[in-house]
Amino acid sequence: MKKLIALFAASIMIAISANVMAQNTATESANATARIINPLKINNTSDLAFGSIVNDDNGGTVVISPDGSRELNLGLSALPSNTEKSAASYDISGDPDAFFTLTLPGSISIATSTDEGAPSMTVDNFTTTVAKNEALDYVGQLNDSGTLTIKVGATLNVNALQASGTYTGTYDVIVAYN
Amino acid sequence: MTRKILATAMLLVMFALKVHSQATVSGQAFAEVISALTADENSQMHFGRFSPEVSGGQIVLSPEGVRTAEGSVVLGGGMSQSGKFIITGEANATYSIQLPSGPAQLIHNGSNKTMTVDNWVSIPPAGNGTGTLQEGREIVSVGATLTVGSMEDNPVGVYTGTYSLTFAYN
């Protein structure tokens with residue numbers, strides 16, 4: 001009879017202590033999240049080309065619009081046989097539907113060579129197919145495939161008595177997720 | 001019995017990503033400046049001296065400067081020459097030559113009598129891209145035909161006039 005009682009008591013104690021242990025802890029699960037975004041990339045697919053300009057010694061301006069059309073002002077004309085004019089073109093890729101800001105140069109110089117004092121001309125008034133927001137920043141949106149092609153135009157300032165020759169220069173375009 | 005509640009804090013895991021959120025690309029800008037086309041008269045077209053004689057006629061002056069008389073016109077001595085123009089511009093560029101579309105009037109110095117110059121001919125010939133600026137220049141020679149009337153229509157004296165040519169890059 002004694003043995004039985006002892007066993008019974010022991011089993012009850014174990015059961016009670018198990019319950020108490022359960023009430024000493026509480027667990028909660030939480031999510032850890034991280035989102036990997038597509039890197040923003042930009043690739044130049046077409047140069048900004050003003051073509052062959054005939055200078056009548058008075059100078060003038062040549063405007064390439066983002067749509068690739070060219071306007072010659074004052075006394076400038078272009079060689080009819082020459083068709084080498086184009087707006088610059090860029091392919092942008094990144095997250096689908098993402099907004100991006102675009103930064104264009106203010107003005108750059110193109111010259112006949114890298115030598116100091118080489119004849120040069122200023123290219124300024126850069127324009128683009130991307131629209132400006134209320135703060136006058138260029139803000140565009142990638143399409144639902146995460147890509148977009150944009151065009152860039154500018155104005156070439158030809159000085160009076162500009163020396164004949166081939167003028168080249170480089171400029172940077174920056175895009176950033178908005 | 002004190003209850004201890006252990007709570008597992010919520011952990012926000014931030015991965016240190018190399019974030020490609022900005023990209024820069026370099027582009028090139030090109031332009032070519034070409035010398036303007038210029039044209040300067042180098043020698044004046046001159047039909048020289050002649051006499052209409054009985055009924056006048058014509059004097060054909062070739063671009064090479066050779067005179068041929070037709071009708072009763074008799075050529076005299078002295079200088080005669082075709083018109084010559086020096087064209088300059090971008091080396092190896094082609095250009096068009098446009099001759100006058102109609103006659104030019106030469107007016108007598110002293111009266112209102114006139115003679116007509118027509119049938120313009122040039123070397124290189126008129127047309128689109130007929131000229132080429134070898135080493136940036138070329139000479140265009142122009143000849144024409146002078147119509148001479150009778151002695152009454154065209155009395156003795158000097159007759160002068162002007163004519164226009166148009167040159168343009170092609």
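Start with B:Glu53, which sits in the loop between strand 3 (50-51) and strand 4 (57-61) of chain B. This is a predicted model, so treat each stop as a feature of a prediction.

**Stop 1: B:Glu53**

Select B:Glu53 and look at the backbone. Its phi is positive, about 60°, although the residue is not a glycine. Most residues other than glycine have a negative phi. Now turn on the surface. Is B:Glu53 buried or partly exposed? B:Glu53 is partly exposed, with a relative accessible area of 38%.

**Stop 2: the cis peptide bond**

Stay in chain B and move to B:Pro124. Find this proline in the loop between strand 10 (114-123) and strand 11 (127-132) of chain B. Select B:Ile123 along with B:Pro124. The peptide bond from B:Ile123 to B:Pro124 is cis. Its omega is near -5°. Most peptide bonds are trans.

**Stop 3: a three-stranded sheet in chain B**

Strand 11 of chain B leads to the next selection. Show strands 11, 8 and 14 of chain B together. They form an open sheet with the order 11-8-14 and antiparallel pairing. Which strands are at the edges? Strand 11 and strand 14 (166-169) of chain B are the edge strands, and each pairs on one side only. Look along the sheet for its twist, which averages 40° from one strand to the next.

Zoom in on one pair. Strand 8 (residues 94-98) of chain B joins strand 11 of chain B in the antiparallel sense, over three bridges. Label B:Tyr95. Across from B:Tyr95, in strand 11 of chain B, stands B:Gly131.

**Stop 4: all of chain B**

Zoom out and color chain B by secondary structure. How many helices and strands does chain B have? The count is zero helices and 14 strands. From the N terminus on, each element in the run is β.

Chain B holds 170 residues, and buried residues make up 34% of them. Its exposed area is about 10,000 Å², with 53% supplied by carbon and sulfur atoms. Now consider contacts in chain B with a separation of 6 or more. Residues 24 or more positions apart account for 71% of these.

**Stop 5: all of chain A**

Switch to chain A. Here you will find one helix and 12 strands. The run of elements from the N terminus opens with α, and β follows from there.

Chain A has 178 residues, of which buried residues make up 34%. Chain A exposes about 10,300 Å², and carbon and sulfur atoms supply 53% of that area. Among contacts in chain A between residues at least 6 apart in sequence, 72% join residues at least 24 apart.

**Stop 6: A:Asn125**

Select A:Asn125. This residue is found in strand 9 (residues 120-128) of chain A. Check its phi: the value is near 55°, positive in a residue other than glycine. Is A:Asn125 buried or exposed? A:Asn125 is exposed, with a relative accessible area of 52%.

Next, show what surrounds A:Asn125. Leaving out residues up to four places away in sequence, A:Asn125 touches A:Gly106, A:Gly153, A:Ala154 and A:Thr155. Draw a distance from A:Asn125 to A:Gly106, C-alpha to C-alpha. The two atoms are separated by 6.7 Å, while the residues are 19 apart along the chain.

**Stop 7: strand 12 of chain A**

Select strand 12 (residues 165-177) of chain A. Strand 7 (residues 99-103) of chain A pairs with strand 12 in the antiparallel sense, over four bridges. Label A:Phe100 and look across. A:Phe100 stands opposite A:Tyr177 in strand 12 of chain A.

Now bring chain B back into view. Which strand of chain B pairs with strand 12 of chain A? The partner is strand 1 (residues 22-35) of chain B, antiparallel, over 12 bridges. For a point on this pairing, label A:Gly169. Opposite A:Gly169 stands B:Ala29, in strand 1 of chain B.

**Stop 8: the interface as a whole**

Finish by showing the residues of each chain that touch the other. The contact takes 56 residues from chain A and 34 residues from chain B. The size of an interface is often given as the accessible area lost when the parts come together. Between chain A and chain B, the buried area is about 3,600 Å². Carbon and sulfur atoms give 57% of this area. How many salt bridges are counted between chain A and chain B? The count is zero.

Methods: Residues numbered from 1 in each chain as written. Chains lettered and ligands numbered in written order. Predicted model: local features only at pLDDT ≥ 70, side-chain atom pairs only at ≥ 80, totals over all residues. Heavy atoms only, no water. Helix = DSSP H or I, 4+ residues; strand = E, 2+ residues; numbered from the N terminus. Buried < 20%, exposed > 50% of the residue type's maximum accessible area, 1.4 Å probe, protein only. Contact = heavy atoms within 4.5 Å. Areas by Shrake-Rupley, 256 points an atom, 1.4 Å probe, with all protein chains shown as cover. Pairing = 2+ DSSP bridges. Axes fitted to C-alpha atoms, helices over the stretch in contact; angles between N-to-C directions. Buried area = accessible area lost by both parts, 1.4 Å probe. Salt bridge = Lys/Arg side-chain N within 4 Å of Asp/Glu carboxyl O.
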